[in-house]
Amino acid sequence: MIYNFEFYKHDWTLGFPITITPFIFLFGTDFQDVFFPIVLLNSLFLYSLSITLIVLTAFLIFQKIKTSFLAGLIFVLFPFLFYVFRNFGPHFEAGNWNDFNFFHANWLTMMSDPLSSFLVYLILFLVILNVKKIINAMYFYPLVGFLSGYAMMTRVSNITIIFSILVLFFLFEKKERLKKFLFFLSSLTIGFLPQLIYNYKILESPFSFGYQGAYQEWISMGAATRPTFSISNIIHIISRAVEYSWLSILIMLMLIAIVFMGVLYVSKIKKEYAVILILWFLMPVLFYASFTTGQTSARYYLPAVQPLIILSLAAFYFLKEVALPKKRTIT
């Protein structure tokens with residue numbers, strides 16, 4: 001549609017299609033022509049950059065080289081959890097659910113999740129740079145505004161990142177707030193502008209999305225049986241996990257404890273870091289857990305992996321301090 005500049009009603013947003021349109025120009029218009037190059041874009045280029053971003057973000061927070069490289073190593077190794085537990089959970093006639101999750105977690109797909117996750121990781125890195133005053137705020141807000149707009153155009157769920165940035169802005173930004181806010185808002189609009197124009201011209205409202213039509217199709221097929229967003233969806237995902245194993249409850253409690261301890265440790269380094277990490281982890285998780293089809297694939301939660309890894313390392317240091325407290329010297 002974009003390559004031919006012939007626009008019509010479609011379910012999905014424009015961010016990822018705009019990104020991969022040059023591949024159609026370079027390699028051909030058939031699916032088979034562009035499949036492998038785009039998989040390489042996701043799994044080789046964006047994945048490698050994301051490892052780098054996770055390592056650098058961890059270093060900015062902990063100031064420890066070994067810890068930073070460990071964060072990158074965990075990111076590389078965590079997909080193998082899906083492989084080890086490949087026979088656990090739902091199974092489909094066409095294949096194993098966790099096999100698909102293993103490929104998604106390694107970004108070995110042609111889908112929009114890798115680009116979406118990469119943009120979220122990049123924005124988190126830039127936010128930490130801004131807190132450390134390494135990047136000038138007057139450059140930061142236009143840059144992060146544009147990236148946030150493009151991230152939301154890639155996956156509308158990335159509106160959670162915009163909400164998180166606004167929370168940080170009103171909590172911690174004290175000087176020239178109106179000027180910085182206008183920089184952010186205008187660049188955010190520019191980053192999202194193609195989608196706004198498309199929505200207005202094709203869907204008759206700048207705030208209408210093809211997802212809405214897709215959801216009605218899911219209802220007619222019986223794939224969606226609950227409200228689009230609801231607390232009942234969160235209850236559903238928990239109850240379904242417990243159906244497979246009561247150990248799911250223990251795992252969920254452990255996850256909550258890890259995040260809590262991680263936030264406590266990071267808050268001692270800098271409170272802003274703790275607020276940033278919990279927002280970057282919690283907002284996308286709550287968004288998809290409360291979404292009607294948010295339980296269908298682990299790939300939806302990839303944007304939350306970066307802050308979870310960093311909080312997990314922080315939880316380790318928290319436990320280390322509890323188990324091995326530093327001896328106080330008497331002077």
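Tutor: A quick word on classes before we start: Ala, Val, Leu, Ile, Met, Phe, Trp, Tyr, Cys and Pro count as nonpolar, Asp, Glu, Lys and Arg as charged, and the others, Gly among them, as polar. Also keep in mind that this is a predicted model.

Student: Thanks! With those classes, how does the lining of the second largest cavity divide up?

Tutor: Four of its residues are nonpolar and three are polar, while charged residues are absent.

Student: Which residues are they?

Tutor: The lining of the second largest cavity is made of Ser 157, Asn 158, Thr 160, Pro 284, Phe 287, Tyr 288 and Pro 303. Helix 13 gives the largest share, three residues. The volume of this cavity is about 30 Å³.

Student: And how many cavities of 30 Å³ or more are there?

Tutor: Two. The largest cavity holds about 50 Å³ of space.

Student: What lines the largest cavity?

Tutor: Its lining consists of Asp 113, Ser 116, Ser 117, Arg 155, Ser 157, Tyr 288, Arg 299, Tyr 300, Leu 302 and Pro 303. By class that gives four nonpolar, three polar and three charged residues. Helix 6, which covers residues 113-131, supplies the largest share with three residues.

Student: What does Asp 113 form with Arg 299?

Tutor: A salt bridge, in which the closest N and O atoms are 2.8 Å apart. This pair connects distant parts of the chain, with the two positions 186 residues apart: Asp 113 sits in helix 6, and Arg 299 in the loop between helix 13 and helix 14 (305-323).

Student: Why can such side chains pair at all?

Tutor: Side chains of opposite charge can pair when their charged atoms come close.

Student: How many salt bridges does the structure hold?

Tutor: Six, and the Asp 113 to Arg 299 pair is one of them.

Student: Switching to pockets: what volume does the second largest one have?

Tutor: About 1200 Å³. Its lining counts 41 residues, and those closest to the pocket centre are His 10, Trp 12, Thr 13, Ser 112 and Tyr 211. By class, the lining has 26 nonpolar, 11 polar and four charged residues.

Student: Which helices supply at least two residues each to that lining?

Tutor: Those are helix 1 (15-27), helix 2, helix 10 (210-221) and helix 13 (271-289). Helix 1 has the largest share, with five residues.

Student: How confident is the predictor overall, and which elements have the lowest and the highest mean pLDDT?

Tutor: The protein has a mean pLDDT of 90, with 92% of its residues at 70 or more. Helix 10 has the lowest mean among the elements, 67, and helix 3 (residues 65-77) has the highest, 97. Helix 10 is also one of the helices that line the second largest pocket.

Student: Last one: which residues form the nonpolar patch on the surface?

Tutor: Phe 31, Phe 35, Phe 36, Leu 40, Leu 44, Phe 45 and Leu 49, which together have about 690 Å² of accessible area. One of them, Phe 45, lies in helix 2, residues 31-62.

How values were computed:
Residues numbered from 1 in each chain as written. Predicted model: local features only at pLDDT ≥ 70, side-chain atom pairs only at ≥ 80, totals over all residues. Heavy atoms only, no water. Patch = residues over 30% accessible without salt bridge, like charges linked within 9 Å, V, L, I, M, F, W, Y side chains within 5 Å. Areas by Shrake-Rupley, 256 points an atom, 1.4 Å probe, with all protein chains shown as cover. Salt bridge = Lys/Arg side-chain N within 4 Å of Asp/Glu carboxyl O. Helix = DSSP H or I, 4+ residues; strand = E, 2+ residues; numbered from the N terminus. 1 Å grid on protein atoms, 1.4 Å probe; cavity = no way out; pocket = protein on both sides within 12 Å on 5 of 7 lines; lining within 4 Å. Points joined across faces, edges and corners; volume = space filled by probe spheres on them. pLDDT = per-residue confidence, 0-100.
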